[in-house]
Amino acid sequence: MNQIFTVEGMTCGHCEKAVSKALLALDTQAKVVIDRTQNKVQVESEQTRAVLSKTIADAGYRVVP
């Protein structure tokens, strides 16, 4: 499934890497595209939206509903 999240708190390349690393640790086959200027994280994964959202939040970033 392809899902797009609006994420607050990503301000630099380190933030992008932290979110990407967390998502890839959850699902090594996931495809993650991040655009911090738009506060968007696009994830193609078999994981549910809730699990992906929690993973982003656990990395320290706020997922906007």
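Begin with the sheet of this predicted model: select the strands and follow them across in the order β2-β3-β1-β4, where 4 strands form an open sheet with antiparallel pairing. At the edges you will find β2, residues 31-35, and β4, residues 62-64, and because each has a single partner strand, one side of each is left without a neighbour in the sheet. If you turn the view to look across the strands, you can see that neighbouring strands are turned against each other by 35° on average, with direction ignored. As background to this view, strands of a sheet pair through backbone hydrogen bonds, in either a parallel or an antiparallel way.

**The pair β1 and β4**

Next, select residues 2-8, which make up strand β1, and show β4 beside them: the two strands run antiparallel and are joined by 3 bridges. Within this pair, pick out Val7 of the chain, which stands opposite Val63 in β4.

**The two helices on the sheet**

Now add helix α1, residues 13-26, which packs on the sheet and touches β2 and β3, the latter being residues 40-44. Compare the direction of helix α1 with that of β2, and you will find that the two make an angle of about 160°. Then add helix α2, residues 49-58, which also packs on the sheet, touching β1, β3 and β4. Here the direction to compare is that of β1, with which helix α2 makes about 30°.

**The hairpin of β2 and β3**

Return to the other edge and select β2 together with β3, which pair in the antiparallel sense over 5 bridges. A useful pair of residues to display here is Val33 and Gln42, since Val33 stands opposite Gln42 in β3. Follow the chain from β2 into the hairpin, where 4 residues lie between the strands, and stop at Asn39, which lies in the loop between β2 and β3. Which sign does the phi of Asn39 take? Asn39 has a positive phi of about 60°, although this residue is not a glycine. With the surface switched on, Asn39 counts as partly exposed, at 30% relative accessibility.

**Ile34 in strand β2**

From the loop, step back to Ile34, which is found in strand β2. Is Ile34 buried or exposed? Ile34 is buried, with a relative accessible area of 19%, and the cut-off for that word is under 20%. Show the surroundings of Ile34 and, leaving out residues up to four places away in sequence, you will see that Ile34 touches Met10, Glu16, Val19, Ser20, Lys40 and Val41. You can also draw a distance from Ile34 to Gly13: the two are 21 residues apart in sequence, and their C-alpha atoms are 9.9 Å apart in space.

**Thr55 in helix α2**

Move to helix α2 and select Thr55, which lies in that helix and is buried, with a relative accessible area of 14%. The side chain of Thr55 reaches the backbone oxygen of Val51 at 2.9 Å. When neighbours within four places in sequence are left aside, Thr55 is in contact with Ala22, Leu23 and Leu26.

**Two cysteines**

Select Cys12 and Cys15 together, and display their side chains. Why is there no bond between the sulfur of Cys12 and the closest cysteine sulfur, in Cys15? The two sulfur atoms are 3.5 Å apart, which is too far for a bond, since a disulfide needs the sulfur atoms within 2.5 Å. The count for the structure accordingly comes to 0 disulfides. With regard to accessibility, Cys12 is partly exposed, with a relative accessible area of 29%, whereas Cys15 counts as buried at 7%.

**The whole chain**

Finally, zoom out and colour the chain by secondary structure, which comes to 2 helices and 4 strands. Traced from the N terminus on, the elements run β-α-β-β-α-β. The radius of gyration is 10 Å, close to the 11 Å that the globule rule gives for 65 residues, so the chain is as compact as a globular protein of that length. Along its principal axes, the C-alpha trace spans about 25 × 20 × 20 Å. Of the 65 residues, 29% count as buried, and among contacts between residues at least 6 apart in sequence, 64% join residues at least 24 apart.

How values were computed
Residues are numbered from 1 along each chain as its sequence is written. This is a predicted model: local features need pLDDT of at least 70, side-chain atom pairs count only at pLDDT 80 or more; totals for chains, interfaces and linings use all residues. Side-chain values use heavy atoms; hydrogens and water are left out. Two strands pair if DSSP finds at least two bridges between them. Axes are lines fitted to C-alpha atoms, for helices over the stretch in contact, and angles run from 0 to 180 degrees between N-to-C directions. Contact means heavy atoms within 4.5 Å. Buried means under 20% relative accessible area, exposed over 50%, partly exposed in between (1.4 Å probe, protein chains only). A polar contact is a pair of N or O atoms within 3.5 Å; within protein, one must be able to donate a hydrogen and the other to accept it, and residues adjacent in sequence count only if both atoms are side-chain atoms. The radius of gyration is taken over C-alpha atoms; the globule rule is 2.2 Å times the number of residues to the power 0.38.
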